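Biologist: I'd like to learn how to read a model like this one, feature by feature. Can you walk me through it?

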Amino acid sequence: MRVVSEQQLTSILGGLPVECPRVVASGNFATPRTLLGLVDKALARYRLFVLNAQPGLPDRNGVDLETPFVGAGMRRSPRLRYFPSRLSLVPLLLKQNLAPDLVVLHCSTPRDGTVSMGTEVNILPAAVEAARARGALVVAQVNPHMPYVFGDGVLACDEIDYVLEAEEPLGSPVPRPVADTSRTIGGRVARLIPDGATLQLGIGAIPDAVLGALLTRRGLAVWSEMFSDGVLRLHEAGALDDTRTVTASFVFGSPELYAWVDRNPRVVLLRTEKTNDPGVIASHPALVSVNGALEVDLYGQANASRVRGEIYSGFGGQTDFVVGALHSPGGRAVIALPSWHPKADRSTIVPRLEGSVTSFQHSFIVTEQGSAAIWGHDANDQARHIIEHAAHPDAREWLRESGRTLGLRVP
């Protein structure tokens, strides 16, 4: 590991032997903005691969944006290249089809000859391995604000070619008050989660509301793709099993959360191939997977990735965890969403999805209207439960008529 100045690193990056290199960088709220800014200055053309990119990333002519999960920083960009993939398979993409020419990490300060990738492990270990296999560079921004988190993100210093020492605050999602609809849905989902369950929750207001409704539970565990401040609240309330680690692949939240995960032996961040492996997920008893969707149809199929045909996010880990939860002893796969979209002024429950299917064959579809039981019921009863217990009252007659047109027997 060689510590270099900005000027030295700019010169090194400008000498990459590839005309349009692929740059894989930490995503979510762990993107090393100072270092990535130097990359952008040094390279006239490059491909930038980031998961769930946040606003403020380079987006100009000469930069092709690549991702299997679209964040606000790439959404609607004319230079976006979306690669559909389950998150558990993204490491294979990096080792086969999308090999990196440069990996850009955001790390903690060194400790005992190692650094930690901190809040973002995810697909980065696979990216580092793919870079090493082809002689590509691995560079890191070392930042005293990045927590040292145990797990697969801990790297020996000699695994990094060049280091830029640059201090910058870590990003956090903008706090938003929990709306009444989200709170109602969160309470309904919480009633499906028993004491001793293992939790996986996705990103958004509804998963946060679910966690807020579980503070009186006991013996809970977390095996998830990610977690945010709601898990810290569970810890403070005594809802978590003290004998089990909180395990995920990345975290984002408040500075308080980042301080809690720093050198905390109760928190372990593992690479995506482990956290999102459906077989590993299924090995946890009573694993309850809670994910959102943009719309659900009468066949119980969920679309969580596209709006009016345009890519909005992607598969993420939803498909991995739905499959894993269904195979977990006592496990449940829950899709939670409002029954009505206020901006579009339309039902989120539709007769049949017109776009892509993110996941299907869930245990329950939950809205503020109620909980529709899916698993174990025939196709007609599934549709009936969705109409009667999940759909908005204003959409129910339309859904019944449409369901009959589709050949479903719904009274």
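Modeller: Sure, starting with burial: a residue is buried under 20% relative accessible area, exposed over 50% and partly exposed in between (1.4 Å probe, protein chains only). Helices (H or I, at least four residues) and strands (E, at least two) are DSSP runs, numbered from the N terminus. Keep in mind that this is a predicted model, where local features need pLDDT of at least 70 and side-chain atom pairs count only at pLDDT 80 or more, while totals for chains, interfaces and linings use all residues. Residues are numbered from 1 along each chain as its sequence is written, and side-chain values use heavy atoms, with hydrogens and water left out.

Biologist: Let's try strand 2, then. Which residues point one way, and which the other?

Modeller: R22 and V24 point one way from strand 2, V23 and A25 point the other way, and all are buried.

Biologist: And which way does strand 2 run relative to strand 3?

Modeller: Two strands pair if DSSP finds at least two bridges between them. Strand 2 and strand 3 run parallel, joined by three bridges. Within that pair, R22 stands opposite R47 in strand 3.

Biologist: What is the order of the strands in the eight-stranded open sheet?

Modeller: Read it as 1-11-8-6-2-3-4-5, with parallel pairing. Strand 1 (2-3) and strand 5 (80-82) are the edge strands, each pairing on one side only. Further in, strand 8 and strand 11 pair in the parallel sense over four bridges, and A140 has V163 in strand 11 as its bridge partner.

Biologist: What about the open sheet of three strands: what is its order, and what is the pairing?

Modeller: The order there is 20-19-26, and the pairing is mixed. Strand 20 (302-303) and strand 26 (349-350) are its edge strands, with pairing on one side only for each. Strand 19 (residues 295-297) and strand 20 run antiparallel, with two bridges between them; E295 has N303 in strand 20 as its bridge partner.

Biologist: T348 caught my eye. Where does T348 lie?

Modeller: T348 is in the loop between strand 25 (346-347) and strand 26. With a relative accessible area of 5%, T348 is buried. Contact means heavy atoms within 4.5 Å, and leaving out residues up to four places away in sequence, T348 touches L294, E295, V296, L337, P338, S339, W340 and H341.

Biologist: On to helices. Why do the buried residues of helix 2 line one face?

Modeller: The general idea first: an α-helix has 3.6 residues a turn, so residues three or four places apart point the same way. In helix 2 (residues 33-42), the buried residues are L35, L36, L38, V39 and A42. Seen down the helix 2 axis, these buried residues fall within an arc of 155°, so they line one face of the helix. That arc is taken from the directions from the helix axis to the C-beta atoms. The buried residues of helix 2 pack against several elements, including helix 1 (6-14), strand 2 (22-25) and strand 6 (102-107).

Biologist: Which residues of helix 6 are buried?

Modeller: In helix 6 (residues 205-212), I206, P207, A209, V210 and L211 are buried. They pack against elements including helix 5 (180-190) and helix 7 (229-237).

Biologist: How many aromatic pairs does a search of the whole structure find?

Modeller: Rings of Phe, Tyr and Trp (its six-membered ring) pair if their centres lie within 6.5 Å; planes under 30 degrees apart count as stacked, over 60 as edge-to-face and the rest as tilted. The search finds three aromatic pairs. F250 and F252 form a stacked one, at 6.2 Å centre to centre and 25° between the planes. Both count as buried, F250 at 2% relative accessibility and F252 at 7%. Ring pairs also link F29, F250 and F252 into a cluster.

Biologist: And what does F227 touch?

Modeller: F227 lies in strand 14 (residues 226-227) and is buried, at 3% relative accessibility. Beyond four places in sequence, F227 touches residues including F250, V251, F252 and W260. The C-alpha atoms of F227 and V251 are separated by 5.1 Å, although these residues are 24 apart along the chain.

Biologist: Which ring does R75 lie over?

Modeller: A charge sits over a ring if NZ of Lys or CZ of Arg is within 6 Å of the ring centre and within 35 degrees of the ring normal. R75 lies over the face of Y312, 3.8 Å from the ring centre, and R111 lies over the face of Y148, at 5.2 Å.

Biologist: Last one: how many disulfides are there?

Modeller: A disulfide is a pair of cysteine sulfur atoms within 2.5 Å, and by this rule the count is zero. Take C107: its sulfur is 8.9 Å from the closest cysteine sulfur, in C157, too far for a bond.
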